Amino acid sequence: MNSRARLVIVLLCTNLGACASLATNEANDGDPLEPLNRKIFAFNSVIDRAVIEPAARGYRALLPQFVRDRVRSIIDNLNEPLIFANNLLQLRIEAAGTTLGRFVTNSTVGLAGMFDQATAGGLLKQSGDFGQTLYKWGAGDGPYLVLPLLGPSNVRDGIGLGVDSILYPAGTIGSADNQRIFRITSTATDGIDLRERNIESLRAVEENSIDFYAALRNIVRQRRAAVLNEARKTEAIDDLIDPAPPRRN
């Protein structure tokens with residue numbers, strides 16, 4: 001799954017705060033659906049505390065850090081082709097080249113993605129998802145949404161997440177049954193791994209905020225703004241080739 005998908009899965013752990021009136025919500029920039037969002041937030045909290053967090057703690061207890069790091073590297077490497085495609089759609093040519101180099105390097109020298117040799121070689125991980133692509137094409141956020149089981153998002157990024165999930169390259173290989181099994185397995189593993197890596201950080205946010213819902217909403221928006229800002233870094237194709245020599249009269 002892409003980075004956006006992993007982020008919303010990480011933020012499954014939620015808590016029900018007091019519901020405000022719709023008029024107050026409309027004054028809350030970008031969250032006119034707050035009463036509904038808080039109810040979904042509470043539902044996600046129940047699922048997280050009953051299933052996802054215990055699974056993440058069991059995952060941590062069962063597998064040593066070294067093995068968990070290899071799992072994370074493989075998942076990240078499988079996502080590189082999708083990032084590459086979105087880099088191209090955003091005309092981020094340099095980023096696309098870096099992403100392609102990362103995928104080739106980590107798939108070979110990195111032993112099928114188990115080791116991130118690309119970063120060690122100076123090829124840093126790039127952002128790239130279809131929600132970000134829609135943003136580059138001029139689509140606005142739309143209302144803030146908390147999606148069942150997927151957590152914080154908005155209309156544009158929710159659509160982007162759906163497109164990325166359908167086009168996930170590693171989930172289009174083999175028979176329909178194998179594709180379905182792989183998608184479910186990879187998504188579950190990705191979510192549990194990300195949840196394990198954020199057990200303490202999410203707990204700290206919850207314990208140190210008066211309103212956990214509002215605190216996470218602000219964190220999500222700030223982090224997403226940083227990712228969307230990457231889409232603005234478009235290299236003009238003409239700038240990537242040597243300019244023609246000046247013409248003589």
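In this predicted model, the side chain of D31 makes a polar contact with the side chain of Y213, at 2.6 Å. The D31 side chain also makes a polar contact with the side chain of R217, again at 2.6 Å. D31 is found in the loop between helix α2 (residues 22-27) and helix α3. Its relative accessible area is 0%, so D31 is classed as buried.

Y213, one of the two partners of D31, is also a member of the largest nonpolar core. This core has eight residues, namely I40, F41, Y144, V146, L202, F212, Y213 and L216. Two or more core residues come from each of α3, β1 (144-147) and α11 (212-230). The greatest contribution is that of α11, which gives three residues.

Aromatic residues of this core also appear in a cluster of rings: F41, Y144, F212 and Y213 form one aromatic cluster. Across the whole structure, the search finds six aromatic pairs. One of them is formed by F41 and F212, with an edge-to-face arrangement in which the ring centres are 6.2 Å apart and the planes stand at 70°. This pair links distant parts of the chain, since F41 belongs to helix α3 and F212 to helix α11, with their positions 171 residues apart. F41 has a relative accessibility of 0% and therefore counts as buried. F212, at 3%, is buried as well.

A further aromatic pair is made by F66 and F115, whose ring centres are 6.3 Å apart; the pair is classed as tilted because the planes meet at 50°. Here too, distant parts of the chain are linked: F66 is in helix α4, and F115 is in the loop between α5 (93-108) and α6 (117-120), 49 residues apart. The accessibility of F66 is 51%, so F66 counts as exposed. F115 has a value of 25% and is therefore partly exposed.

Salt bridges were searched for over the whole structure, and 26 were found. In one of these, E206 is paired with R49, and the closest N and O atoms are 2.4 Å apart. The E206-R49 pair connects distant parts of the chain, with E206 in helix α10 (residues 199-207) and R49 in helix α3 (residues 34-62), 157 residues apart. The relative accessible area of E206 is 15%, so E206 is buried. R49, by contrast, is partly exposed, with a relative accessibility of 40%.

E206 also forms a salt bridge with R203, the closest N and O atoms lying 3.3 Å apart. Both residues are in helix α10; because E206 and R203 are three residues apart there, about one helical turn separates them. R203 is partly exposed, as its relative accessible area is 30%. Through shared partners, salt bridges join E206, R203 and R49 with D48, E53, R57 and R195 into one network.

Another salt bridge is formed between R197 and D69, whose closest N and O atoms are 3.1 Å apart. R197 lies in helix α9 (residues 176-197) and D69 in helix α4 (residues 65-89), so this salt bridge ties together parts of the chain that are 128 residues apart in sequence. R197 has a relative accessible area of 32% and is therefore partly exposed. D69 is likewise partly exposed, with a relative accessibility of 24%.

At the surface, F43, L149 and L150 make a nonpolar patch of about 260 Å². L149 is found in the loop between β1 and β2 (151-154). With a relative accessible area of 44%, L149 is partly exposed.

Conventions. Residues are numbered from 1 along each chain as its sequence is written. This is a predicted model: local features need pLDDT of at least 70, side-chain atom pairs count only at pLDDT 80 or more; totals for chains, interfaces and linings use all residues. Side-chain values use heavy atoms; hydrogens and water are left out. A salt bridge is a side-chain nitrogen of Lys or Arg within 4 Å of a carboxyl oxygen of Asp or Glu. Helices (H or I, at least four residues) and strands (E, at least two) are DSSP runs, numbered from the N terminus. Buried means under 20% relative accessible area, exposed over 50%, partly exposed in between (1.4 Å probe, protein chains only). A nonpolar core is a set of buried Ala, Val, Leu, Ile, Met, Phe, Trp, Tyr and Cys residues joined through side-chain atoms within 4.5 Å. Patches are made of residues with over 30% relative accessible area and no salt bridge: like charges are joined within 9 Å, nonpolar side chains (Val, Leu, Ile, Met, Phe, Trp, Tyr) within 5 Å. Accessible areas come from the Shrake-Rupley method with a 1.4 Å probe; for residues, only the protein chains shown count as cover. A polar contact is a pair of N or O atoms within 3.5 Å; within protein, one must be able to donate a hydrogen and the other to accept it, and residues adjacent in sequence count only if both atoms are side-chain atoms. Rings of Phe, Tyr and Trp (its six-membered ring) pair if their centres lie within 6.5 Å; planes under 30 degrees apart count as stacked, over 60 as edge-to-face and the rest as tilted.
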